[in-house]
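User: Let's take this entry piece by piece. Short answers, please, each ending on what I asked for.

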Amino acid sequence: MGLIETELTESDPVWSAMDEELERDERVFLMVEEVAQYDGALQVSRGLWKKYGDKRISTLPFLRAGLRPICEFMTFNFSMQAIDQVINSAAKTYYMSAGLQPVPIVFRGPNGASAGVAAQHSQCFAAWYAHCPGLKVVSPWNSEDAKGLLKSAIREDNPVVFLENELMYGVPFEMSEESQSKDFTIPIGKAKVERPGDHVTVVSHSRLVGHCLDAAAVLAKEGIECEVINLRTIRPMDVESIEASVMKTNHLVTVEGGWPQFGVGAEICARIMEGPAFNYLDAPVTRVTGVDIPMPYAKILEDHSVPQIKDIIFSIKKTLNV
Amino acid sequence: CTLTTYIQTYLSHQETKESKCDLHRLEEGPPEKAELTRDQGLQYYRTMQTIRRMELKADQLYKQKIIRGFCHLYDGQEACAAGIEAGINPTDHLITAYRAHGYTYTRGVSVKEILAELTGRKGGVAKGKGGSMHMYAPCFYGGNGIVGAQVPLGAGIALACQYQGNNQLCVSLYGDGAANQGQLFEAYNMAALWKLPCIFICENNKYGMGTSVERAAASTDYYKRGDYIPGLRVDGMDVLCVREATKFAADHCRSGKGPIVMELQTYRYHGHSMSDPGVSYRTREEIQEVRSKSDPISMLKERMLSHNMASVEEFKEMDVEIRKEVEEAAQFATSDPEPPLDDLCNHIFYNNPPLEVRGTHPWAKLKSLS
C-alpha cells in the first residue's frame, strides 16, 4: 500500500471530511459562527458555504428534526455558554426518552491551549465532556485521525464532542492513499499504537502525542524504548489497549494538556488500578499535565504552564527510576 | 488664552445634522445644547488622540510579533470611551468586553502599563498575566473575553451600588454582536425589576466580527432592545453627544428610575482583531468614507478650530507630546523584563494561606501566594 506524499494540515482533512459527508447525506448540515462571508473564523469551513449554500451551511442556530447537524464552536471555551444544551439536551435525551429520540449531532472546534490567548481562551474540555454519559468524546492528533474520526463522528447516531487543536491546523502530515478515499473512517473508541516499545507505555491525546513521539526519539538514543499510544477517543476510552501495553512494559506515563485534577490521566490511573494491568506495574503511574493554574498571558509563564518535551522525558525517567 | 465658553448645537444623526437623538420610552432626552469649554475640548482631544496613537502603536508591535495572541483595536471608537468618562464620575464603575484598551486608559491606567501588559511584561497593569483582554483598575472590571458575559456582571455591580447606597452607578458595555445574547435579556429583566443603577451601553460598530448587523439581528434598533427599559440612540462619533447622553443616562439612574439602555453608533477602522484584515465583509471605500467624514478626533479639532478655541499650533504641540508619550511607553514595553517564574502560580485565591500547586508532573511542587 503506497503512501502518497501528500501533506495536509489538520484543517484540510477536517474540511474534506465535512465536504464528503455533506455530499453523502442530505440530512447533514453545518452550523457555524462566522462562516460564509468571514470564511469561518479559523477558515476551517472555508468554501463550504460557496459549495452548498445557505440551506446546508448556516449561521442560524436552530433545531430541525430528522437532521444531522454539525455544530462548530469557534473554540470550546465558548461552548460553556451552550453547555447546558450539550449535556442536558444532547447527551441525556435518548436515555430520558427510553430510546425514542436519538440525537445525532457533532459539536466540533478547537480545544485547549493556543498561543498567547490567555486564561479565558485556553482551557481543555476533554475531562469536562468525557465525564458525561451519553456523549462520545473524540480527540484527533494528526490529519488521518482528524479526517477518519470526523467522518465517523458525523455518521455516528449519538452526540459527539470533537476536540480539535488550533495549533495543529497548520501542521502538515503525510496521508496514506487509503485515507484519501471518501469511505475512509476511523472507528470511535479505538486507540492507536503510534510507536511500539518495551520499556514504558506513554499514553496521550491530541497535540501532545507529537511531543511524546519527540520525547521517545530522544530517549531511544539512551536505550529507552517507549510505546506511545494515541488515545484518539477519550470516551469511550480504549482501556484494553492501554492494559495490553502496560502488561508488556510494566510502566505507565500519561500526558495531557489539561489540568491535573479529575482529568484524563486521573481516569486512566483509576481504570488501570481496577483492571488486570495493575499487578504488572513496577511503579506508580505518572501523570504529566498542564500546571494547575489559569493560563497566564506572558510567554515565559505560558511556556511553563504546559508540558514540555523535557517534562515528559524527565517523568519517564523518574518512572523507570533511571 | 482665558477660558472660553462656547454654546453649540447638539448634533445626533450623521445624515441630518438637525435631528434629535432617538428616544425609546422617554418623554425627553438629553439637552439640545451642550457646552464645551476650551479646557474640556483640549482634554477630550488629548484623551482621544492618546488612545488613537496607542492603538496604532499596538498594531505595529503586533505586526512585529512583540504582542501575541488576541488584539482587538479601538481606533475609530475613541469618542465613546472619552465621552462616557466625561459623563460619569471616577468613582462610578465600568465594565466592557475585549475591545478594552481605550477604556483601560480612560479609567486611569497609563499608556505605559497598557502597552507593557500587551507585550506581557512585569510592568504591565496585570503583571503580564492577563494580556489584551484582561486589564483591570479600581472601578474598572476589564476587559472580558467571552462575548456578552460582562453584561450580567455589570448589572451585579450596579446591584452592589444600590445595596451600599453610595449613589454610584455601573456602565455596562457590549457590542452589536453581544446584543443578541440571551444573558443580556436576563440582565435587563433583573435590572428593571430591581431598578438597578445600570447604564447598558451598546457600541454599535455595525459588525460583529464579520457579520453585519443586518445579517445578525432581527431588530437593529439596539436602543429599543431593552423593551420595557427606556433607551436612547446617539452619534457615537461625536464626543459631545456621547457625553451629554451619558450625563442624561447617569441622572436617570441616580434618581432611582432604574436602568437605561444607550446605543452609540460608531465605527472601527481595524478589523475585528489583528488577525482580521477587515475587508472581506466591508469595502475599503466604506472605511475611507468614515475616516474622512466622521473621524471623532478630526471632528472635534475642526469644531474647535473653526470657533477659535485653540490654534493649529496647539494641536500640533499636543500631537508631538502624545507621540512622545506613546513612544516612551513602547520603549518601556519592549525593554521591561517578563514576569519572574515564581509569579506563575500566585493569585489563585485571595486572602488565603500559601498553597502548593502541582506543576506539569508530580515532582514539580510549585508555590502559590495570595
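User: In which sense do strand β5 (residues 170–175) and strand β6 (residues 198–204) of chain B pair?

Analyst: This is a predicted model: local features need pLDDT of at least 70, side-chain atom pairs count only at pLDDT 80 or more, totals for chains, interfaces and linings use all residues, and side-chain values use heavy atoms, without hydrogens and water. Helices (H or I, at least four residues) and strands (E, at least two) are DSSP runs numbered from the N terminus, and two strands pair if DSSP finds at least two bridges between them. β5 and β6 of chain B share 6 bridges, and their sense is parallel.

User: Which residue of β6(B) stands opposite B:Tyr174?

Analyst: Residues are numbered from 1 along each chain as its sequence is written, while chains are lettered from A and ligands numbered from 1 in the order in which they are written. The residue opposite B:Tyr174 in β6(B) is B:Cys202.

User: At about what angle does helix α6 of chain B run to β6(B)?

Analyst: Helix α6 (residues 182–193) of chain B lies across β5, β6 and β10 (260–265) of chain B; contact means heavy atoms within 4.5 Å. Axes are lines fitted to C-alpha atoms, for helices over the stretch in contact, and angles run from 0 to 180 degrees between N-to-C directions. Against β6(B), the angle of α6 is about 150°.

User: What is the average twist from one strand to the next in the six-strand sheet of chain B?

Analyst: The 6 strands form an open sheet of mixed pairing, in the order β2-β9-β10-β6-β5-β4. At its edges are β2 (22–24) and β4 (93–95) of chain B, each paired on one side only. From one strand to the next, the twist averages 20°.

User: How many residues are in the hairpin connection between β11(B) and β12(B)?

Analyst: β11(B) pairs with strand β12 (residues 365–368) of chain B in the antiparallel sense, over 4 bridges. B:Arg358 has B:Lys365 as its bridge partner in β12(B). The number of residues in the hairpin connection is 6.

User: Which strands stand at the edges of the chain A sheet?

Analyst: This open sheet has 7 strands in the order β3-β2-β4-β5-β7-β6-β12 (chain A), with mixed pairing. Each edge strand has a single partner, so one side of each is left without a neighbour in the sheet; the two are β3 (57–58) and β12 (233–235).

User: Which residue of β4(A) stands opposite A:Met31?

Analyst: Strand β2 (residues 28–32) and strand β4 (residues 68–72) of chain A pair in the parallel sense over 5 bridges. Opposite A:Met31 in β4(A) is A:Cys71.

User: How much area do chain B and chain A bury between them?

Analyst: The contact takes 45 residues from chain B and 42 residues from chain A. In chain B, B:Arg68, B:Arg358 and B:Thr360 lose the most area to chain A, together 22% of what that side buries. Buried area is the accessible area (1.4 Å probe) that two parts lose on being put together, summed over both. Of the total, 60% is on carbon and sulfur atoms; the area is about 3400 Å².

User: Which residue of chain B forms a salt bridge with A:Glu302?

Analyst: A salt bridge is a side-chain nitrogen of Lys or Arg within 4 Å of a carboxyl oxygen of Asp or Glu. The rule finds 1 across the interface of chain B and chain A. Its closest N and O atoms are 2.5 Å apart, and the partner of A:Glu302 is B:Arg68.

User: How far apart in the chain are A:Lys147 and A:Glu20?

Analyst: A:Lys147 and A:Glu20 form a salt bridge, with the closest N and O atoms 3.0 Å apart. A:Lys147 is in helix α5 (residues 143–155) of chain A and A:Glu20 in helix α1 (residues 11–24) of chain A; their separation is 127 residues.

User: Where is A:Pro236?

Analyst: Most peptide bonds are trans. The bond joining A:Arg235 and A:Pro236 is cis, with omega about 0°. A:Pro236 is in the loop between β12 and α7 (239–249) of chain A.
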